[in-house]
Structure formats: structure tokens, C-alpha cells
Amino acid sequence: MSEPEPEVAAAAPDAAPEEQLALDVAEFPGGIHGALEAVLMVVDEPVTTPALASALEQPVADVEVALAELEDGYAAQNRGFTLRQVGGGWRMYSRHEYAPVVERFVLDGQQARLTQASLETLAVIAYRQPVSRSRVAAVRGVNVDGVIRTLLTRGLIEEVGQDHESTATLYGTTSYFLERLGLQSLEELPALAPYLPEVDVLDEIAEGGRG
């Protein structure tokens, strides 16, 4: 009498088909074009085509075509912004024809008072410079990307180089910063200890966030 053939093990009920794990940009209202716009609106630096293709799980060739279509569409509609390929990556920019209104907005913003978050970030940069964005964030305990952009726009800080180990951008204060505070040099800044308790602890936190 022959032995019964072993039963084939059934597939695990919770195994998800590969196609369910993929991102289908066609399901979004704006398709691949809308998905690209959503990503490009939140980036701080130009993003390469392969990186965009990876995020959208689309072929690089399809993303290249969609980017070109977006760029042409913005130009045809005379939008105030454009999509440009700079430094090997793509990013949204204000169209140069609208430079006067952008300049007026920025200059008007110079008169506005800095927020508490901006003042705290500026203080960290002033006393720790040259310092990277990640180290400033480690000292403050919050994301400082938006505040850094504000301080750069106001002309209070500037890029002063790169960290040799991490290649992170380093920031320092400007001559305009000294002018606004009525100082001749950074040596005239008041001692930090009386205004910022537990400096040693903050330094340890900053060192841990260096990079």
C-alpha cells in the first residue's frame, strides 16, 4: 500500500501580494504630476530624477517626461513659479519676472520682529558658530529648518563653510547681525552663562547632534 502524498502547505493568509505593496500614483487625483508637485513643494535642496522616481516607484524615463511636462505647463500658464533643473536636481523656484514683488515682500519682512524661535536659534548660532543645522537643532531640541531659512533671508546669518567630517553646511552670523546689535565684533557679545543655564549640558547635547 502506497504512502499518501503529503499535502501542499497553504499560503499564509496574511501574505500580501507584491502588487498591493507598490505605490500606484495613478490613484492620486493629479496622477504622477500631482505626486511630483507634492514632493517638490517640501524639499529644501534640488532632488535628482532617480530619487524622485524611487519615491514614486515609477520608471526614471516616465518621471523625466512628467517633469518636462510640468515645466512646460507652468510656462504656458504664466505661473509665478517654475520648475528648474539645477546642480543635477529639480526644485521649484520663483519665476524671475516676479522678482520685484518677491523683493518687496522680503524687504518688508525685514521690518517684522523676530519670533522667539528665531531669536533662540540666532543666539545658538551666534555663540556656537561655525555650527551645523543639525547641531543647532540638537541644542534647541526642535527642527530649525524653517527658522534657518528666515534668518538667512533676513541677512542675519550666512553659510560659512562645510564640516570636514560630515560635509554639513556650517552657519555663522553676518556683519549685519553685528550692526543690528550695535557691536564691533563677536568678542563684544555678552557672556552666555548668565543668560543660558547649564551650558555644559547643552554642549553635550550639541556634540551628540553634530553631523
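Trainee: Which residue is the bridge partner of Gly-161 in β5?

Mentor: The bridge partner of Gly-161 is Leu-170. The model is predicted: local features need pLDDT of at least 70, side-chain atom pairs count only at pLDDT 80 or more, and totals for chains, interfaces and linings use all residues. Residues are numbered from 1 along each chain as its sequence is written, and side-chain values use heavy atoms, with hydrogens and water left out.

Trainee: How should strand pairing be read, and which strands does β5 join?

Mentor: Strands of a sheet pair through backbone hydrogen bonds, either parallel or antiparallel. Two strands pair here if DSSP finds at least two bridges between them; strands (E, at least two residues) and helices (H or I, at least four) are DSSP runs, numbered from the N terminus. Strand β4 (residues 157-162) runs antiparallel to strand β5 (residues 169-173), and five bridges join them. Six residues separate these strands in their hairpin, where Thr-167 takes a positive phi near 65°. The open sheet has three strands in the order β3-β5-β4, with antiparallel pairing. Its edge strands, each pairing on one side only, are β3 (131-132) and β4. Between β3 and β5 there are two bridges, and Val-131 has Tyr-171 in β5 as its bridge partner.

Trainee: Which helix packs on the sheet and touches β3, β4 and β5?

Mentor: That is helix α6 (residues 116-128), whose direction makes about 95° with that of β5. Contact means heavy atoms within 4.5 Å. Angles run from 0 to 180 degrees between N-to-C directions, and axes are lines fitted to C-alpha atoms, for helices over the stretch in contact. Helix α8 (residues 145-154) lies across β4 and β5, at about 110° to β4.

Trainee: How is the packing of two helices described, and at what angle do α6 and α7 pack?

Mentor: Two packed helices are described by the angle between their axes and the distance between the axes. For α6 and helix α7 (residues 133-140), the angle is about 120° and the axes are 10 Å apart. α6 is therefore oblique to α7: angles under 35 degrees count as roughly parallel, over 145 as roughly antiparallel, 65 to 115 as roughly perpendicular and the rest as oblique. Residues making the contact include Val-124 and Ile-125 of α6 and Val-136 and Val-139 of α7. By class, five residues of the contact are nonpolar, one is polar and four are charged. In this classification Ala, Val, Leu, Ile, Met, Phe, Trp, Tyr, Cys and Pro are nonpolar, Asp, Glu, Lys and Arg are charged, and the others, Gly among them, are polar.

Trainee: Which side chain meets Arg-140 in a salt bridge?

Mentor: Side chains of opposite charge can pair when their charged atoms come close. The partner of Arg-140 is Glu-120, at 2.8 Å from N to O. Arg-140 lies in α7 and Glu-120 in α6, so the pair ties together parts that are 20 residues apart in sequence. The count comes to two salt bridges, each being a side-chain nitrogen of Lys or Arg within 4 Å of a carboxyl oxygen of Asp or Glu.

Trainee: How far apart are the axes of α3 and α4?

Mentor: The axes of helix α3 (residues 49-56) and helix α4 (residues 60-76) are 9 Å apart, at an angle of about 110°. These two helices are therefore roughly perpendicular to each other. Among the contact residues are Leu-52 of α3 and Leu-67 of α4.
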